[in-house]
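Visitor: I would like a close look at one part of this structure, the pairing of its strands, and then a tour of whatever connects to it. Please take your time and keep it all in one thread.

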Amino acid sequence: GMKFPLLVAGSLFSIFLLSIVVFASSSIPAFPLWDVITGTQDINNTNTGNVGIGVAQASAKLEVGGGIKLNPNGPKPLCNNRNERGIIWFTKSSDGDYLELCRYNAEGKITTLQNMLPTQMGEHSCARSSANNNFYCFGGFTIWSTAISNSIIKFDPTTNNITTQNATLPTPRFGLSCAENSATKLIYCFGGNDGSVSTNQIIEYDPVLDTITTKSATLPTDTIRFSCTENSQNHKIYCFGGEQSSAGIFLNRITEYDSITDTLVTKNATLPNPTRFLSCAENTSTQLIYCFGGAVTGTGAINQITEYNANTDTLTIKSAVLPLPTIAPYCIEDNQNHNIYCYGGVNGNPLTDAIEKYDPNTDTIGTLQLTLPTPVSSTQCMKDIQSNTIYCIGGADSTGYTNKIVKHQLNVLGWTKITN
């Protein structure tokens, strides 16, 4: 046979032959080893054997007896489609050269949008509007345990734009809980505390008209630090636990609010213990609601996971538990695979940066290797369905409340550094 040179340019798998050889002899019939694809610069070898360079007998599809030089003299692929998975790319940099791998990462990618919010935000409540895919955040603290807001903040995940709406809550309040009726596209906020007095109010917000209405129905008592979520089948909103601050007690109550008739009822089922600072999310494939962690009277933080069936009004304690007792995580469903992700919280005294993934179908939970940029509790997370990304807004970190937005892109295809 005849020798031919190879050049690896940028990608280990972008191989360009500088000469094409046809082997022929009296004993070996002539045939082409390499096929040129008509109309392209692609050259393919469809033979099933191995290729060796500098070795007597190759034991793999490509075996090199020596070094391989990657020469990045062309544009790096975008790594945004499945056909580019597995590409290795070498980058020269004044800060130090590095290798990258185009790979699919099931855990996703975390990035921080710095100083996005107009103020620090903590013990606020956010809900996604299915009318416009924007996120709306209501009230909360703006300065640690002192300044309380009545503002409504709109975040557009497509443009990263933040807008303070003209409408405001009737009074400043923290510790409220908000959820959307996805049939009517209206958002309902329950309870809260203005710094001195807690309320049992139910507020309706129209994100299209930017208007606030105080409903006639009320919670059974003033309530703060609880969790409300919609049942996507009957479009009623269920609120779990919380704290009746006027009486200084925690609650094990489950309420059901029908926004069409503006009526609220207390369900017969109850939480196993009076619990505040829990977080609840629906599995939209089964319409079952799962509540995670929280603080109970006397014993403090718990790691319990409960399942509520609105059709039968029954509550079940699941076998799976959070890895650690956790107060004030925020849990939200990934509507594609129906796993529920729980972000941050307080494990005893320290805040946590952990992200837990719960599979309601198998009743199993695991901690991602991926973490939040900093430990945080009482953040508010919503999913942008269009980009398959969860955004967590504000919350409490080690310095107080934060004005950051953390972005968790799920199931990411992209470049990952494999050397420093």
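Guide: Happy to! Two strands count as paired when DSSP finds at least two bridges between them. One thing to keep in mind is that this is a predicted model.

Let's begin with strands S20 and S21. S20 runs antiparallel to S21 (residues 237-240), and four bridges join the two. For a place to put your finger, find Glu230, which stands opposite Ile237 in S21. This pair belongs to an open sheet of four strands, whose order is S20-S21-S24-S25, with antiparallel pairing. S20 and S25 (263-266) are at the edges with a single partner strand each, so one side of each has no neighbour in the sheet. From one strand to the next, the twist in this sheet averages 20°. As a general reminder, strands of a sheet pair through backbone hydrogen bonds, and they can do so in parallel or antiparallel fashion.

Now step back along the chain to the loop that leads into S20, where we meet Arg225. Its salt bridge partner is Glu123, with the closest N and O atoms 2.8 Å apart. Arg225 sits in the loop between S19 (211-214) and S20 (227-230), while Glu123 sits in the loop between S11 (109-113) and S12 (125-128), so this contact ties together parts that are 102 residues apart in sequence. How accessible are these two side chains? Buried means under 20% relative accessible area; Arg225, at 18%, therefore counts as buried, and Glu123, at 12%, is buried as well. The two also take part in something wider: Glu123, Arg225, Glu243 and Arg276 are linked in a network of salt bridges. In general, side chains of opposite charge can pair when their charged atoms come close.

The loop between S19 and S20 has another charged residue to show you. Lys215 forms a salt bridge with Glu204, and here the closest N and O atoms are 3.4 Å apart. Lys215 is in that loop and Glu204 is in strand S18 (residues 202-206), 11 residues away, so to speak, along the chain. Both partners, Lys215 and Glu204, are buried.

From Glu123 we can follow the chain into S12 and a second sheet. S12 and S13 (residues 135-138) run antiparallel, joined by four bridges. Ala127 has Tyr136 in S13 as its bridge partner. The two strands form a hairpin with six residues between them, and in the turn Asn133 has a positive phi of about 65°. The sheet around this hairpin is open, has four strands in the order S12-S13-S14-S15, and pairs antiparallel. Its edge strands are S12 and S15 (161-164), each pairing on one side only. Here, too, the twist averages 20° from one strand to the next.

S13 also leads us inward. The largest nonpolar core has 27 residues, and Tyr343, Ile390 and Ile393 touch the most other members. Strands that each supply at least two residues of this core include S11, S13, S14 (152-156) and S34 (340-343). The strand that gives the most is S38, with four residues.

Let me close with the other charged contacts and a stop at the surface. The salt bridge count comes to nine. One of them joins Glu100 to Lys76, with the closest N and O atoms 2.9 Å apart. Glu100 lies in S10 (residues 98-105) and Lys76 in the loop between S8 (62-64) and S9 (88-91), so this pair ties together parts that are 24 residues apart in sequence. Glu100 has 8% relative accessibility and counts as buried, whereas Lys76, at 35%, counts as partly exposed. On the surface, Val51, Ile53 and Leu62 make a nonpolar patch of about 200 Å². Ile53 belongs to strand S7 (residues 51-53) and is partly exposed, with a relative accessible area of 35%.

Terms used
Residues are numbered from 1 along each chain as its sequence is written. This is a predicted model: local features need pLDDT of at least 70, side-chain atom pairs count only at pLDDT 80 or more; totals for chains, interfaces and linings use all residues. Side-chain values use heavy atoms; hydrogens and water are left out. A salt bridge is a side-chain nitrogen of Lys or Arg within 4 Å of a carboxyl oxygen of Asp or Glu. Buried means under 20% relative accessible area, exposed over 50%, partly exposed in between (1.4 Å probe, protein chains only). Axes are lines fitted to C-alpha atoms, for helices over the stretch in contact, and angles run from 0 to 180 degrees between N-to-C directions. Patches are made of residues with over 30% relative accessible area and no salt bridge: like charges are joined within 9 Å, nonpolar side chains (Val, Leu, Ile, Met, Phe, Trp, Tyr) within 5 Å. Accessible areas come from the Shrake-Rupley method with a 1.4 Å probe; for residues, only the protein chains shown count as cover. A nonpolar core is a set of buried Ala, Val, Leu, Ile, Met, Phe, Trp, Tyr and Cys residues joined through side-chain atoms within 4.5 Å.
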